[in-house]
Amino acid sequence: MSDHIAAIDAIAAKYDNDPTRLLDMLLAVQEQERYVSDAATRLLAQKLGLSWGDIQQTVSFYHLLSQEPRGKYTVYLNNGPVSIMQGYEGVATAFSEAVGCSFGSVTADGRIGLFTTADMGMGDQEVAALINNVVFTNLTPEKARILVKAMQKGVPAQDMVTDNTEYGKYGDGNNSLPSIHSMVCNNLIKPGPVCFGPYQAGAALRKCVAQSPEQVLAEVKASKLRGRGGAGFPTGMKWELCAKAEGPERCVVANADEGEPGTFKDRVLLTERAQLLFEGMAVCAYAIKATTGALYLRGEYAYLKDYLEQVLEQMRSDNLLGKDIAGKPGFDFLISGCSWVLAPMSAARNQLLESAEGRRGEPRNRPPFPAQSGFHTMPTVIDNVETLAATVQIIDKGATWFRSLGTEESTGTKVLSISGDCDRPGVYEVEFGITLGELLTLAGARDPQAAQVGGPSGRCLNAAARDTAISFEDCPSAGAILIIGAQHDLLTIIDNFMAFFTEESCGSCVPCRTGTWMLRNTLRRIMHGQGTREDLTSMRQLSAVMQKTTKCGLGHTAANPILNTLDNFPHLYDALIPEQTDIRSFDLEAAVQASNLTVGRASVAKEEQV
Amino acid sequence: MSKPIIATASLAGCFGCHMSFLDIDERILDLVELVQWGKSPINDIKTFQQDCDIALIEGGCCNDEHIHTLREFRKHCRILVAVGECAIMGGLPAMRNNIPIKECLEEAYLNSPSTSDANPDKIFPNDEELPMLLDKVYPCHEIVKMDYFLPGCPPRADLIYGALVALVTGQEAELPYEVVKFD
Amino acid sequence: MSEDMNKPLTDLISLTIDGQEIEAEEGQTIVQAAQKNGIYIPTLCALHADKENGLKYDLAPGTCRICTVKANGRTTAACTTPVSQGLVVENDTPELNDLRKTIVELLFVEGNHFCPFCEKSGSCDLQALAYRYQMLTPRFHYAFTPRKVNADMPKLLWDGNRCILCRRCVLAIRTEEGEPLFVFANRGDKSTIIVDTELIQDISEELAQQAMDICPVGAIIRKEKGFDTPFGQRKYDHSPIGSISSISSDMTCSSGENKTGGEKS
């Protein structure tokens, strides 16, 4: 027991007993003890001057934290749409059979726990799983059985990925560096001129310090760069708002949370262009006179943390971060390191801040906006990593060069994550304005039925939409494009999206918490042949209410999968609604089955089925 | 012109709604002027002798016989009215909806203080005439289309009377605040 | 009121709600401004502090979204949106009331609301809003989701079947050191309220009573006493929520009360 107390003390001390680092501490506890026990919660509360309730609400929010033991090995198998399209069922069955327990439970001896997780940022190499924070990709039933054997033998999860063994081998590029050592592959199919173009470290920063912050800001504004996280807010304007906000200190937060399910481009950017990103943060810091920076990584990218911290260390010794950066007296900017965001959908900036400060990832009420009062109440710029990376090239090569790429309103390039039924899933950096049809050809989609652009909350397009352009004018997105081939049932994928929203809603506001669940409930009734015409109407009404009354972007857009398919694929619904609706479809046999079994009756037989 | 025919049924209910209906007191004489009676527990007519215009349904569906009865009503009646909380949302019987049916039956016939001694052979009643319990109690509108809903436990007599007169005469029903209640 | 008069006029902002011009203080929310001016905006989570509920400050968790209004044409939650000079607020309109009715319907099917035997029936804000918006039955399917009931604590019972997760109790029911007795846990469709089993042991009579009083539904109930208000005398038996007599229950209201039909039990 005293060992336990000492262990918790040590974890708290590692993060300076700072309550805002609660998430880091909880993750450390989880890693050490394989769960966050009530005892650990009470100890941490005491140590940090928080209440049990404060910690409880944080712990219970994040699905990678658990309040019950989840096994010495915890397997999180991705059950997202791509995974399902690429063989999830078979892999899951192989895991369950080899381990001897079902998903959602732990073996009797406490060795292996099997759980599912939503999007992991590995859409180009599904089926993927996380075992004790180590990523495994391209799983097959056979590979699953090999992994289970290794777990039963007690091989540490990290050791299952080596240079080339039966378990798995390192991925390409930096993935094989000792500080990463991951089997994740980049799948960088088409590099473009901005994020993956030629880059000379430090060049942009040296140009920055030769100008005034106002000139840097003006250059970014002139580039017409807009946020790459999906919403497309003009970056220069955001920086300017923050620069003008009152506050003793300012802050730059890089959002590497990849909140839009189906995106994985930030993963590749972080692996291959980390310094470009960090330099972008420094450019922003110079322009808005910020002194503090933070990078928020999604929990699934934990394997990149050591590497990223090495890059930061290198940049500090190269005088590209730290004090008097690039020889400019008084230009001080420090990136504190990488912290964690654990909820897949916390992309909306306000949720990210709550998470970053150790609380539930719930949206804050606005106003105030982050630019006025953000991270620890500092005026804060929160930008997607791709946005920050682009500013480096804008400063280095000029706004005019940047504007020559893309379209009038959508300048520059967009890094897209393409997954699903195509020959070449992976990362594509293309100029804005490229059409969906061109992309389908590039990726080698043979028989597409639908393309989901922008993740579950984006748009579900049908074959008639090949001319849709990827741009803020036409179809904005954070870059996730999921191709659904004709061989897959589209409504099953839509159901998967709705399951995601039902789970990822923070639960705070009624129309989102209840609406997502009700839409899914109604969709499933329809899929089971129990739907009515009124259900279609009520789904539309409910969707409209969600758009108008929910608190944040997740709720505003959570009905999109339903609305889009009602609009673009009405025949799928029509085929499922029974003609006769005065007498509802009802499976009487199923409804009396439990009674029959209990009392020992054969069947209800006397009742006609409808 | 013949008078509209009214039928009533009590499914998984307590007959409280029927009692409340009878609470219209002397106004039943006015009602008789307006309608004639079809199948109903009130007059003990057990089968549909002809199709009816309006049926008042009390109670939700908790066994296969209720499903059968409700479907018959839908086939034979022009307008179905869900009367009372049980018809609308399952009501008190639906409190069992989150308890597995096996547990319900065991509690009722094997384990409760009043039955455990009386049923030493641990027998569940299983005569084939007995209807089978459904996995949960279903609101009527999940089984057939219901046209109107009169909430209350029971719905106030004034509400039932007002609604019936409105349906029969084709006028808009009045819903005074104090009459529409869920308890 | 006297406080207002002492303040210099420059602190006041003017705005309109449904065309009615009102004055409000800088920093107030739309709900607070409306409340001060006797305009009803429905709320299930926001709660005005008064003598009766013993709250020291107004609650505005922003969770229920029933107070959704249009402010300068954009829908927003009135309980978390601050007033601003010249703001044009739409409140009592068919479009907004339909949104509110939909939210009420959603809450009715999300939980297991057996009004007939609930102790709060007749004084329940959720039920009263259903009456106000003339919900006869929700348009959505009932879920019958299994919910926990926690009777394993002194003085109080918590019934998850009725809880609408508004978070009034989470914000307001705290120890003197500010530690919460009720905690919002999990997320999405698994969201729930849990109780700090250690702190709840010492809950005072007053705090327990306050917990029940501020609960907009019947989720928090005092043990060992109950059903003490007869039919016909409950908060919303005779007039809808938001009408004068139900806004301030200590005010005797003679006009507009019609006793017929309300005596039934």
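I take a polar contact to be a pair of N or O atoms within 3.5 Å; within protein, one must be able to donate a hydrogen and the other to accept it, and residues adjacent in sequence count only if both atoms are side-chain atoms.

I am working on a predicted model, where local features need pLDDT of at least 70, side-chain atom pairs count only at pLDDT 80 or more, and totals for chains, interfaces and linings use all residues. Residues are numbered from 1 along each chain as its sequence is written, chains are lettered from A and ligands numbered from 1 in the order in which they are written, and side-chain values use heavy atoms, with hydrogens and water left out.

**Entry 1: A:D124**

I looked up A:D124 first. I found A:D124 in the loop between β3 (112-117) and β4 (129-131) of chain A; strands (E, at least two residues) and helices (H or I, at least four) are DSSP runs, numbered from the N terminus. Is A:D124 buried or exposed? A:D124 is buried, at a relative accessible area of 8%. Buried means under 20% relative accessible area, exposed over 50%, partly exposed in between (1.4 Å probe, protein chains only).

Next I checked the side chain. The side chain of A:D124 has a polar contact of 3.2 Å with the side chain of A:Q125. A second side-chain polar contact, of 2.8 Å, links A:D124 to A:R267. I then listed contacts (heavy atoms within 4.5 Å). Leaving aside neighbours within four places in sequence, A:D124 touches A:C185, A:N186, A:N187, A:F264, A:R267, A:S419, A:P425 and A:G426.

**Entry 2: helix α10 of chain A**

Which residues of α10 (residues 235-244) of chain A are buried? I get A:T235, A:G236, A:K238, A:W239 and A:C242. They lie on the same side of α10(A), because they cover an arc of only 160° around the axis. The arc is that of the directions from the helix axis to the C-beta atoms. An α-helix has 3.6 residues a turn, so residues three or four places apart point the same way.

**Entry 3: chain C against chain A**

I counted 40 residues from chain C and 40 residues from chain A in the contact. The two chains bury about 3500 Å² between them, with 56% of it on carbon and sulfur atoms. Buried area is the accessible area (1.4 Å probe) that two parts lose on being put together, summed over both.

How many salt bridges are there between chain C and chain A? The count is 6. A salt bridge is a side-chain nitrogen of Lys or Arg within 4 Å of a carboxyl oxygen of Asp or Glu. A:R513 forms one with C:E110, with the closest N and O atoms 2.7 Å apart. I also find 20 residue pairs in polar contact across this interface (both at pLDDT 80 or more).

On the side of chain C that touches chain A, the elements giving two or more residues are α3 (94-110), β8 (182-185) and β9 (192-195) of chain C. The largest share, 8 residues, is from α3(C).

**Entry 4: chain B against chain A**

Here the contact takes 26 residues from chain B and 21 residues from chain A. About 2200 Å² is buried between chain B and chain A, 55% of it on carbon and sulfur atoms. B:D64, B:R71 and B:M132 supply 29% of the area that chain B buries against chain A, more than any other three residues.

I found 1 salt bridge between chain B and chain A. A:R525 pairs with B:E142 in a salt bridge, the closest N and O atoms being 3.9 Å apart. The polar contacts come to 9 residue pairs across this interface (both at pLDDT 80 or more).
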